[in-house]
Amino acid sequence: MANVSVSILGCDFTKIGEQVSEAEAAGADIIHIDVMDGVYVENLSFGPQMVRDLKKICRLPMSVHFELVRPETYFKMFYDAGADYITFQMDACWNPLHMLNVIKKAGLKAGLGIGPAYSVEPLRYALPHIDGLILMSVEPGYGGQAFEDTVYDKVRRARKIMDETGIHVPISIDGGVNEERGRRLVSAGADILIAGSYVFGADSITGAVQALKGLKRAPDGIWEKPLTKSVFVDYNDMVKNDDGDSKMF
């Protein structure tokens, strides 16, 4: 089954705690938090306090997606807030391999985001340094965009690069995800579906989450077989840190 990361940007902000709790109870796997600076994208969103507050009511891992320039400037404040996973856009960082290693050295999972206008070929060189990949199916930070169908081919190309290098990390898709597109994305090789409006704008948050989680990958469009376990990551697994304490990831 597909993993589901619910994007709180799609929440009714007057009910954000209630809606996140419902998504968690419905079986969502990850909470996705877009952080925008008004520079990389023409929008502003959440700060580290949102991570702190959500961790008070939610046990799911917090995946922070930097849609901003100079991610090194913001990393520590979100690390201190309790983020479990930090992803930044490859084109927004001058030294991406260094930034990835800074995140990993701090004990967090490090992800790389690739926008719809960019090739996945550089992934070949970044794979040894990342724990996850986000492929954007719309440009980050702008509402009302058309879904870029080219992302289906990019998922397949990313999966091919992983097969060739022998390094597999989860592939997430961010932007315009719904059940119909989710089927094609999972079939192409996506592991995690990031959904905001589709989930939090639905009549039933529970129904939307469960519809996405029910999607399965199978050859030739036959929806019967589950995702391959070798490339599937259970984001609810607990591991021990160096101090012996339980920590997500």
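Helices and strands here are DSSP runs, numbered from the N terminus. The structure on display is a predicted model, and the stops below follow from the elements so numbered.

**The whole chain**

Begin with the entire chain in cartoon view. The chain holds 9 helices and 10 strands. Of its 249 residues, 50% are buried. Among contacts with a separation of 6 or more, 63% join residues 24 or more positions apart.

Next, colour the model by confidence. The mean pLDDT of the chain is 88, and 86% of the residues reach 70 or more. Select residues 219–242: the pLDDT of this stretch is below 50, although the model gives it 56 contacts beyond near neighbours in sequence. Residues 244–249 also stay under 50, with 24 contacts beyond four places in sequence. Where pLDDT is low, the predicted coordinates should not be read in detail.

**Ser45 and Arg70: two loop positions**

Select Ser45, which lies in the loop between S2 and helix H2 (48–57). Ser45 has a relative accessible area of 27% and is therefore partly exposed. Beyond residues up to four places away in sequence, Ser45 touches Leu9, Asp34, Val35 and Met36. A distance label between the C-alpha atoms of Ser45 and Glu67 should read 9.7 Å, for two residues 22 apart along the chain.

Move to Arg70, in the loop between strand S3 (62–67) and H3. Arg70 is not a glycine, yet its phi is positive, at about 55 degrees. With 38% relative accessibility, Arg70 counts as partly exposed.

**Helices H3 and H4**

Continue into helix H3 (residues 71–81) and display helix H4 (residues 96–105) beside it; their axes come within 11 Å and cross at roughly 10 degrees. Because angles under 35 degrees count as roughly parallel, H3 is roughly parallel to H4. To see the contact, show the side chains of Pro71, Glu72 and Phe75 from H3, and of Met99, Val102 and Ile103 from H4. By class, the contact comprises 5 nonpolar residues, 1 charged residue and no polar ones.

**The largest nonpolar core**

Which residues touch the most other members of the largest nonpolar core? Select Ile31, Leu133 and Leu185, which hold that position among the 68 residues of the core. Helix H6 (residues 150–165) supplies the largest share of this core, with 6 residues. In soluble globular proteins, nonpolar side chains tend to be buried together.

Centre the view on Leu133. Setting aside residues up to four places away in sequence, the partners of Leu133 include Tyr85, Leu112, Ile114, Leu123, Ala158 and Met162. Others to display around Leu133 are Val169, Pro170, Ile171 and Ser172.

**His32 and Ser137: two buried positions**

Select His32, in strand S2 (residues 30–36). Is His32 buried or exposed? Its relative accessibility is 1%, so His32 counts as buried. Apart from neighbours within four places in sequence, His32 is in contact with Ser5, Val6, Ser7, Ile8, Ser63, His65, Ile134, Asp174 and Ile194.

Finish at Ser137, in the loop between strand S6 (132–136) and H6. Ser137 has 0% relative accessibility and therefore counts as buried. Leaving out neighbours within four places in sequence, the contacts of Ser137 are Ala146, Phe147, Glu148, Val151, Ile173, Asp174 and Gly175. Asp174 thus appears in the contacts of His32 and in those of Ser137. For a last distance label, join the C-alpha atoms of Ser137 and Lys154: these residues are 17 apart along the chain, and the separation is 9.7 Å.

Methods:
Residues numbered from 1 in each chain as written. Predicted model: local features only at pLDDT ≥ 70, side-chain atom pairs only at ≥ 80, totals over all residues. Heavy atoms only, no water. Core = buried A, V, L, I, M, F, W, Y, C linked by side-chain atoms within 4.5 Å. Buried < 20%, exposed > 50% of the residue type's maximum accessible area, 1.4 Å probe, protein only. Helix = DSSP H or I, 4+ residues; strand = E, 2+ residues; numbered from the N terminus. Contact = heavy atoms within 4.5 Å. Axes fitted to C-alpha atoms, helices over the stretch in contact; angles between N-to-C directions. Parallel < 35°, antiparallel > 145°, perpendicular 65-115°, else oblique. Nonpolar A, V, L, I, M, F, W, Y, C, P; charged D, E, K, R; others polar. pLDDT = per-residue confidence, 0-100.
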